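I opened this entry to keep track of what I looked up, starting with the domains and ending with the contact between the chains. The order follows my own queries.

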Amino acid sequence: MFKRFRSLFRVLTRRREFEDGMSEELRFHFEQYTDDLVRSGVSPEKAARLARRELGSSINIKADCREAFGVHLFDEFRRQLSYAARLLRKTPGFTATALLTLAVCLGANLTIFAVIDSVLLRPLPFPEPDRLMTIFNTYPKAGVERDGSSLTNYYERRGHISAFTSLAIYRYGTEIIGEAGSTEREQTMRVSPDFFATLRLAPVIGRTFTEEETTSQTDHVAILSDTFWRQRYNADPNVIGRQIRVNSVPRTVIGVLPPAFHFLSSDARLFLPLASRAEDRTPLQRHAGGNVTQMIARLKPDATLTQAQSQIDAQNATLEADDPQAKMIADAGFRSIVVSLHADHVAAIRPTLLLLQAGAIALLLIGAVNLVNLLLVRASGRVKELAVRQALGASRGYVVSEVVVETTLLTLVGGLLGLAVGAGGIHLLRVLGADRLPLGSRIVFDARFALVALVAAIILGIVFAVPIAWFNLRRHLGNALQSESRGGTSGRAAQILRHSFIVSQIALAFMLLAGAGLLALSLQRAMAVSPGFQSDHILTGQILLPWADYPDAARLTFIESLTDKIGHLPGVLSVGVVNNVPFSGNTGKSAATVMGHVLRPGESPRGHYSYGVEGDYFRAMGFSLRAGRFLTAADSRRAERVCVVDEDFARYYWPNTSAIGQRLWDGSEQGKDSEAFTVVGVVGGVKQAGLTEDEAQGAIYYPYVFRIGDSVFVAVRTSLPPESLGLALQQAVRQIDPDIPVNDLRSMETRIVDSLVARRSPALLAGLFSGIALLLTAIGTYGVLSYAVAQRRREIGLRMALGAQPAQIRSQFLYLSLRLLAGGVILGVIGAWLSGQAMQAVLFHVPAFNLAILAGAVFVMALMSLVACLLPSQRAARISPMETLAE
Amino acid sequence: MGKTAELLPGTLDMLILKAVSLKPLHGYGVLLRIQQISRDALEIPQGSLYPALYRLEHHDLIAAEWGQSENNRRAKYYTLTAAGRRRLRDETAGWNRLASAIAAALSTTSEEV
């Protein structure tokens with residue numbers, strides 16, 4: 001079999017040679033035979049005649065020879081191809097519409113598919129990636145859905161969960177790299193020694209971290225990513241053992257990772273051991289994960305997720321048995337959840353992506369229905385030609401293959417254009433923020449993409465061919481020759497088919513329109529939410545303070561001189577510092593214990609947003625003061641411990657009394673009396689994680705010294721456009737310490753706008769899709785109505801000759817389009833309601849059934865129908881009875 | 001010319017394979033060789049010779065190569081391939097079995113029944 005393909009392929013690639021050889025061989029035969037006849041005494045003329053008769057027609061012989069190789073099929077195919085191309089060229093309007101439709105619909109699907117492929121489908125780049133899990137702690141009753149894993153969790157689980165081959169923890173970070181005077185900021189990861197073994201990707205040069213390297217005194221080692229190694233060390237193979245300064249402490253390079261190493265969406269280029277002290281690993285710290293530290297694990301080949309989960313549950317139960325906080329933890333609904341690492345990483349974006357793909361598929365359906373309708377209309381224009389050809393002997397197979405060739409040619413060219421649209425679409429998605437999606441940087445335009453387009457185009461071509469071929473073969477020859485030649489109406493079945501296509505098109509477009517409306521309304525409602533502070537005219541930036549240069553006391557000094565310096569810049573109204581500004585993207589909640597508050601039965605302890613603030617933070621952010629006073633710069637240096645809470649916190653704990661003067665401890669236990677903080681002020685509630693955050697968890701603001709962290713955010717209120725202050729802010733920091741950069745410099749308004757990208761981009765795309773859908777449906781409706789008018793010219797002419805008024809004719813077609821509209825809208829409303837239900841996960845405060853949106857969609861669809869039927873009905877009304885009857 | 005017989009369907013392929021098994025031949029040569037080895041008893045329709053040759057070539061039973069003819073003209077020469085040799089052997093055996101069976105059947109006399 002294979003040999004025969006090879007021989008056919010050889011002939012096809014050297015077709016010229018094949019044809020020439022055939023002619024030469026036959027000529028040789030003819031001449032040799034003639035010569036032999038002449039030699040045997042026949043006259044040359046008679047010999048030639050005899051030879052020609054004996055051999056037969058060389059055209060027939062050649063055809064038989066071609067058939068012997070199977071070449072004839074390709075000749076036929078080529079003939080059909082050029083015929084199809086000629087037909088398509090003859091109707092440029094139809095061809096352009098069809099190609100454009102295909103390009104847009106396939107392009108939209110390819111674009112969304114590229115995202116789905118890279119985010120949801122393509123496995124993580126590690127061996128047996130489906131066995132990689134993540135484990136996180138959850139305290140749902142305390143309002144903390146996710147809290148990472150703690151160091152204690154790691155040391156307690158390591159080696160004790162038999163369903164896992166290995167288990168590791170990691171922490172994302174940012175570090176200052178390089179010698180004083182030429183430092184740079186790098187994304188880093190701090191990982192436990194078994195991190196690389198769990199992922200099963202080891203360094204290509206050097207080694208991984210050892211157990212001895214996990215204390216703060218012994219952790220002076222680093223592993224480089226491939227890009228870091230190439231850029232910083234010029235791919236030096238002898239890099240092992242060289243020194244690199246990280247946060248002004250020298251570390252020894254011990255390994256280089258392979259180029260393919262990409263952990264989830266991390267850009268980390270430098271890997272450091274996750275060092276900790278013995279007291280960080282004690283049972284007391286078991287619930288101190290705080291979402292900073294995350295755990296991964298690899299399932300054993302024969303173990304299941306369920307087994308792992310029950311082993312973790314069992315271990316948790318044993319450990320909690322002698323935990324002093326056991327009751328509180330249990331009340332908070334504590335559990336440790338095991339989930340697939342990949343699924344967990346993309347869980348938030350999954351519904352949105354699936355929704356968009358559904359939208360794109362709906363668009364493709366509309367486009368496809370449109371094309372089938374246009375093709376059917378076209379086919380009915382060629383019924384007579386086909387009937388004649390069938391009468392002259394064209395086989396059914398030939399008629400079918402002709403249709404398939406034509407539709408596939410159309411869809412293949414459309415698919416090619418769709419690839420271009422898809423490439424543009426991916427670019428558009430980048431602009432809309434797709435590479436900030438989890439795993440979004442993997443979105444590429446590659447060969448897989450082209451293959452998908454090719455396969456989709458061929459499938460579409462064959463799908464399109466089915467109704468057309470059915471239409472072409474269905475009618476009896478005689479019928480076709482008679483009925484269409486007299487300009488009678490088309491077959492009833494074909495008409496019903498065309499009309500139901502339009503109805504389904506209108507329904508789909510209606511669903512898209514309503515869906516886009518729901519997304520837009522949800523975005524609008526999210527944007528209308530007040531962040532709780534005056535977000536205009538604030539510039540914010542993150543400053544990372546290395547612990548080696550800035551131990552506890554030095555941090556406060558640095559911050560004080562920074563706020564002093566910035567406060568004196570022209571245009572600055574107030575300046576403050578906080579561990580974490582709202583909308584920074586990282587939030588963590590922690591527990592507080594209110595003096596005198598006894599947990600009511602069924603009440604669980606709550607996690608609150610807890611911050612350390614310094615300088616004039618509240619005024620800089622435009623918080624509103626409800627009672628008491630704001631914290632001031634002096635509070636960090638005073639012996640008396642004070643704090644400020646927000647109104648949600650105050651309302652929860654002291655619903656009937658004033659919060660001022662109340663006392664609380666930072667942490668989940670009652671401390672000494674001297675360690676309690678006195679509430680000196682109540683501020684307005686603020687959206688911390690995002691505008692769509694629904695649950696008011698309450699927030700506590702401590703003086704900065706009581707809540708020291710790796711980095712601080714500086715917030716500056718200015719009378720100038722906030723971005724214009726960026727350079728001055730960076731200079732102010734550099735004047736204090738030239739090695740400290742300012743990161744993530746954005747105005748507060750930009751942060752808020754950026755936080756909505758996951759709502760805005762899908763709404764924009766859905767809007768775009770429904771716009772295209774509307775256009776396609778208009779084209780479809782227009783096409784079918786025009787066809788109906790053209791077909792009934794004779795009938796209309798006759799009726800007008802008998803006295804019908806143009807207005808009657810016009811309203812007849814208006815009525816037809818209204819009927820189609822009504823059918824489509826009824827189905828569309830049902831569909832919109834169902835899809836609204838399915839969309840609940842991505843909607844914010846928008847019910848599935850929103851009357852205003854449905855009414856708006858009905859209005860838009862009605863307008864579209866009206867516009868689409870205006871021209872054809874006008875044309876019908878202007879038909880001249882004389883002309884049509886004379887035809 | 002003596003009496004000629006019509007070719008049975010399917011026998012042309014066998015004869016071509018036999019002809020080229022003796023010596024590489026061009027198409028016209030195959031015709032002459034079949035006439036020669038059948039002692040002019042078989043009438044080969046010249047028009048079906050070439051499609052048959054092409055079919056056999058396509059099925060890899062014979063191989064074609066361009067060469068020089070006796071009178072120094074370019075001609076396409078066919079040789080038997082290994083697969084063709086096997087096929088010829090099988091078909092010859094099959095044919096002989098068939099022919100002797102039919103001959104035996106036809107020579108049966110009434111006494112033997």
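**Domains.** The domain bounds I use come from an automatic or database domain assignment. The model is a predicted one, and I read everything below with that in mind. With those bounds, the centres of domain 2 and domain 4 of chain A, taken over C-alpha atoms, are separated by 24 Å. For chain A the assignment gives domain 1 (2-69), domain 2 (71-128 + 348-486), domain 3 (145-331), domain 4 (492-531 + 771-887) and domain 5 (546-739).

**Overall form of chain A.** I counted secondary structure next: chain A has 28 helices and 21 strands. Its radius of gyration is 38 Å, where the globule rule gives 29 Å for 887 residues; the value is well over the rule, so chain A is more spread out than a compact globule. Along the principal axes, the C-alpha trace of chain A spans about 130 × 85 × 60 Å. I also checked burial, and 41% of the 887 residues of chain A count as buried. Of the contacts in chain A between residues at least 6 apart in sequence, 84% join residues at least 24 apart.

**Domain 2 against domain 4.** I then asked how many residues of domain 2 of chain A are in contact with domain 4 of chain A. The count is 21 residues of domain 2 of chain A, in contact with 22 residues of domain 4 of chain A. On the domain 2 side, helix 6 (92-121) and helix 13 (350-381) of chain A each supply at least two residues. Helix 13 of chain A gives the most to that side, with 17 residues. By class, the domain 2 side divides into 13 nonpolar, eight polar and no charged residues.

**Cores.** The nonpolar cores came next. The largest has 106 residues, and those with the most contacts inside it are Leu363(A), Ile506(A), Ala509(A), Phe510(A) and Leu512(A). Helix 18 (residues 492-528) of chain A provides the largest share of this core, 18 residues. Where does this core lie with respect to domain 2 and domain 4 of chain A? Both domains give residues to the core, so it lies between them. I took Ala509(A) as a sample: leaving out residues up to four places away in sequence, Ala509(A) touches Ile366(A), Ser770(A), Ala773(A), Leu774(A), Thr777(A) and Met861(A). Apart from this core lies another, of 59 residues, among them Tyr653(A), Phe677(A), Val683(A) and Tyr701(A). As a general note, nonpolar side chains in soluble globular proteins tend to be buried together.

**Strand 19 of chain A.** I followed Tyr701(A) into its strand. Is strand 19 (residues 699-703) of chain A enclosed or open? Five of its five residues are buried, so strand 19 of chain A is largely enclosed by the rest of the structure. Strand 14 (residues 607-615) of chain A runs parallel to strand 19 of chain A and is joined to it by five bridges. In that pairing, Gly612(A) has Tyr702(A) as its bridge partner. Strand 16 (residues 642-646) of chain A pairs with strand 19 of chain A in the antiparallel sense, over two bridges. There, Val644(A) stands opposite Tyr701(A).

**Chain B.** I moved to the sheet of chain B. Three strands form an open sheet in the order 1-3-2, with antiparallel pairing. Strand 1 (25-26) and strand 2 (62-68) of chain B are the edge strands, each pairing on one side only. Seven bridges join strand 2 and strand 3 of chain B, and Ala63(B) stands opposite Thr79(B) in strand 3 of chain B.

In helix 2 of chain B, I listed the buried residues: Gly27(B), Tyr28(B), Gly29(B), Val30(B), Leu31(B) and Ile34(B). They pack against helix 2 (15-39) of chain A, together with helix 1 (11-22), strand 1, helix 3 and strand 3 of chain B. Just after helix 2 of chain B, Arg39(B) takes a positive phi of about 50°.

**Chain B against chain A.** Last, I looked up the contact between the chains, which takes 16 residues from chain B and 19 residues from chain A. On the chain B side, the elements giving two or more residues are helix 2 (27-37), helix 3 (46-58) and strand 3 (74-80) of chain B. Helix 3 of chain B gives the most, with seven residues. By class, the chain B side has five nonpolar, six polar and five charged residues.

Conventions
Residues numbered from 1 in each chain as written. Chains lettered and ligands numbered in written order. Predicted model: local features only at pLDDT ≥ 70, side-chain atom pairs only at ≥ 80, totals over all residues. Contact = placed C-beta atoms within 7 Å. Helix = DSSP H or I, 4+ residues; strand = E, 2+ residues; numbered from the N terminus. Nonpolar A, V, L, I, M, F, W, Y, C, P; charged D, E, K, R; others polar. Rg over C-alpha atoms; globule rule 2.2 N^0.38 Å. Buried ≥ 20, exposed ≤ 12 C-beta atoms within 10 Å, placed from the backbone. Pairing = 2+ DSSP bridges. Core = buried A, V, L, I, M, F, W, Y, C linked by C-beta atoms within 7 Å.
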